[in-house]
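User: Hi! I've got a protein open on my screen and I'd like some help reading it. Can we go through it together?

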Amino acid sequence: MNKTTMKLIKNTALTFGVFALSFSSLAQKSVETSAAVEYKNKFQPAMMKGDLEGAKKALLSAKSYIDEAATHEDTRNSQKTLWLQGEIYGALALLSAQDSNFVDVSPEDAIEKALISFEKGYPLGKKYKRDIEESVNRTAIAMFTAGGMAYEQEKFADAAEAYELASRYRATVGTLDTTSIYNSALCYERIENYEKAAANYEKAAKAGYRGVNSVVAAANAYVATKNFDKAKELINEARKDNPTNRELLLALADASIPSGDNADAEKALSDAIASDPENNQLHYVIGTIYSELGKNEQAEEALNKALELDPNYADAMYQLGAHLVTWAGNIKQETDALKFGDPRYNQMKQQYEDTYKRALTPLEKYIGVYPEDKAVLTILFQIHRNIGNSEKALC
């Protein structure tokens, strides 16, 4: 065999190999195209017509094609394949949610596969980038709408999942959907899933969504999970930019009290008062917190300040009266427990009677506003009886 013949054979073999590779690649491209045809030309029109059985058949056919394309080396990293895989698997999840008979043929991880496909395909080029964005945004809008409908029906667990899915879809194309994240946190809080609520509120807070409100909501959710350190960490980080913000200071007190850190709580309350000394509602809130802490004098002072700023503040009247009654009752209980002849008896008796008498002023003002409040009328009766004012007790 001469050199010319040998060269011809080699070139022919090489050419045949190239044709074989090209044919394989074209075959896979046709599989990719078949998936698109089944999905866009058959599944979608069937859904529009309400032909659920036809839609299922077309979708399963599209799945078989896209699964083949997704595993072949020529197309598995194709942006078109990944876009179609995201579309088809998202539709599989949607149909299985609508029809329990379809669950058996729909993969359990359909949603996760759809999200991974979009996320992987999005940065691969410009050709199908817009298609992926449109697919993602369309699904995210549908999920957000479903979340709103579920919320209105008070199906908060369903709403939370829908809002979270909306945010996860948008994340595949690099968009942080803070509204959906915040809404999902709100829904998780409504069903007392405080761990997920805290995590999503924190995401919203770190993105600057709703400012201090998100920080406080995240901190409160962490307090509900007894993760007090995390709650205080978030609040103190936010206070770097808002050191005198009263909402953050009150949230810090709320996080410090159940953790037993009363010193931090009192410091936060003191700073809160200093930040807005003429705010009657703030003095009221601080008074109630001091009452919970057992800081009786500070509670009475704060509640009196609230009434000084607004003499008609009915809630402060009630809270001050209730606080003083509780305080006096505790002193009376200690007094009654003293041994006969204890020299402290007369002084303590005078103390609880004086405290009861101080409670009369705000409670009588309160009952003037709400004369039918039976609970307060009962308290007034008990006060007069405890201080020996029989005539008043019978009124």
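Analyst: Happy to! Let's begin with a term we'll need: a contact means heavy atoms within 4.5 Å. Also keep in mind that this is a predicted model.

User: Got it. What share of the contacts with a separation of 6 or more comes from residues 24 or more positions apart?

Analyst: Such pairs account for 56% of those contacts in the protein.

User: And how many helices and strands are there?

Analyst: The protein has 18 helices and zero strands.

User: Cool. What percentage of the residues is buried?

Analyst: Of the 395 residues, 42% are buried. As for the outside, the accessible surface is about 22000 Å², and carbon and sulfur atoms hold 51% of that.

User: Let's look at some helices. How do people describe two packed helices?

Analyst: By the angle between their axes and the distance between the axes.

User: OK, so what are those values for H12 and H13?

Analyst: Helix H12 covers residues 262–275 and helix H13 covers residues 280–293. They pack at an angle of about 165°, and their axes are 10 Å apart. Angles over 145 degrees count as roughly antiparallel, so H12 is roughly antiparallel to H13. Their crossing is left-handed.

User: Which residues make that contact?

Analyst: From H12 they are Asn262, Ala265, Glu266, Leu269, Ser270, Ala272 and Ile273. H13 brings in Leu282, His283, Ile286, Ile289, Tyr290 and Leu293. By class, the contact of H12 with H13 has nine nonpolar, three polar and one charged residue.

User: What about H11 and H13, parallel or antiparallel?

Analyst: Helix H11 (residues 246–256) crosses H13 at roughly 10°, and the axes come within 11 Å. That angle makes H11 roughly parallel to H13. Arg246, Leu250 and Asp254 of H11 meet Leu282, Val285, Ile286 and Ile289 of H13. In the contact of H11 with H13, five residues are nonpolar, none are polar and two are charged.

User: Switching topic: where is Pro362?

Analyst: Pro362 sits in helix H16, which spans residues 345–369.

User: Is Pro362 buried or exposed?

Analyst: Buried. The cut-off for buried is under 20% relative accessible area, and Pro362 is at 6%, so it counts as buried.

User: What does Pro362 touch?

Analyst: Leaving out residues up to four places away in sequence, Pro362 touches Met317, Leu320 and Gly321. Take Leu320: in sequence, Pro362 and Leu320 are 42 residues apart, while in space they are 6.7 Å apart, C-alpha to C-alpha.

Note on methods:
Residues numbered from 1 in each chain as written. Predicted model: local features only at pLDDT ≥ 70, side-chain atom pairs only at ≥ 80, totals over all residues. Heavy atoms only, no water. Helix = DSSP H or I, 4+ residues; strand = E, 2+ residues; numbered from the N terminus. Buried < 20%, exposed > 50% of the residue type's maximum accessible area, 1.4 Å probe, protein only. Axes fitted to C-alpha atoms, helices over the stretch in contact; angles between N-to-C directions. Parallel < 35°, antiparallel > 145°, perpendicular 65-115°, else oblique. Left-handed = near helix turned anticlockwise from the far one by under 90°. Nonpolar A, V, L, I, M, F, W, Y, C, P; charged D, E, K, R; others polar. Areas by Shrake-Rupley, 256 points an atom, 1.4 Å probe, with all protein chains shown as cover.
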